[in-house]
Amino acid sequence: MRHNAEMAQSIHWPLHPLCCRFLAAFFGSLPAQVHEGQYIQSRVSYWALGFLNNGECEALGAWMQPDSGQMRWPEVFQGLKVRGVEQIRFVASSESAE
């Protein structure tokens, strides 16, 4: 089985450049079952959509994590910054605040 960081790297969203300013971004997650050889592993699929002032939508990324693993949000936001995102005015999420 792969190390978490290696797995995150291998299926990380393509590193295409992004718009620098988004009016809003929506972050969501869905449970997923992934086949790894003869086994089925529980994962969580995280994804993000960015919305521009003109109403257009752009996929910001998609990431897979082990079901029991915590998403490394600082790394996600740093990755968005490296890809050109300077500002997201509003952020929404499907996750509940606990």
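This is a short conversation about how to read the features of one predicted model.

Colleague: Before we start, what are the ground rules for this one?

Modeller: It's a predicted model, so local features need pLDDT of at least 70 and side-chain atom pairs count only at pLDDT 80 or more, while totals for chains, interfaces and linings use all residues. Residues are numbered from 1 along each chain as its sequence is written, and side-chain values use heavy atoms, with hydrogens and water left out.

Colleague: Fine. How many helices and strands are there in the chain?

Modeller: General idea: helices (H or I, at least four residues) and strands (E, at least two) are DSSP runs, numbered from the N terminus. Here you get two helices and four strands, and along the sequence they come in the pattern α-β-β-β-α-β.

Colleague: Which strands pair, and in what sense?

Modeller: Two strands count as paired if DSSP finds at least two bridges between them. In this model β1 and β2 pair in the antiparallel sense over 13 bridges; Q33, for instance, has S42 in β2 as its bridge partner. Then β2 (residues 39-51) runs antiparallel to β3, with nine bridges joining them, and G50 stands opposite E58 in β3.

Colleague: And where does β4 go?

Modeller: Onto β1: six bridges join β1 to β4, and these two run parallel. A25 has V91 in β4 as its bridge partner.

Colleague: What should I look for in the hairpin turns?

Modeller: Check the residues between the strands and their phi angles. The β1-β2 hairpin has two residues between the strands, and G37 takes a positive phi near 70°. The β2-β3 hairpin has five residues between its strands, and G55 in the turn has a positive phi of about 95°.

Colleague: Now burial. How much of the chain is buried?

Modeller: Buried means under 20% relative accessible area, exposed over 50%, and partly exposed in between (1.4 Å probe, protein chains only). Buried residues make up 30% of the 98 residues. As for total surface, the areas come from the Shrake-Rupley method with a 1.4 Å probe, and for residues only the protein chains shown count as cover. The chain exposes about 6800 Å², with carbon and sulfur atoms supplying 55% of it.

Colleague: Why call β3 largely enclosed?

Modeller: Seven of the 10 residues of β3 (residues 57-66) are buried, so the strand is largely enclosed by the rest of the structure. P66 sits in that strand and counts as buried at 12% relative accessibility. Its C-alpha is 6.5 Å from that of S42, 24 residues apart in sequence.

Colleague: Is there a general rule about strand side chains to keep in mind?

Modeller: In a regular strand the side chains alternate between the two faces of the sheet.

Colleague: Back to β4, then. Is R89 buried or exposed?

Modeller: R89 is in strand β4 and is exposed, with a relative accessible area of 60%. For contacts, think heavy atoms within 4.5 Å. Leaving aside neighbours within four places in sequence, R89 is in contact with F22 and L23. A24 lies in β1, and its C-alpha is 5.6 Å from that of R89, although they are 65 residues apart in sequence. With that exclusion, A24 is in contact with L49, G50, F51, I88 and F90.

Colleague: And L80, buried or exposed?

Modeller: L80, found in helix α2, is buried, with a relative accessible area of 2%. Not counting residues up to four places away in sequence, L80 touches L18, F27, L60 and V85. The C-alpha atoms of L80 and L18 are separated by 7.8 Å, at 62 residues apart along the chain.

Colleague: How much of the contact set spans a long sequence gap?

Modeller: Among contacts between residues at least 6 apart in sequence, 59% join residues at least 24 apart.

Colleague: Last one: what volume does the second largest pocket have, and what lines it?

Modeller: On a 1 Å grid over the protein atoms alone, a pocket is an open set of points where a 1.4 Å probe fits, with protein on both sides within 12 Å along at least five of seven lines; lining residues have an atom within 4 Å of a point. Grid points are joined across faces, edges and corners, and the volume is the space filled by probe spheres set on the points. The second largest pocket comes to about 240 Å³. Its lining includes F27, Y46, W73 and E95, and β1 gives the most, with three residues.
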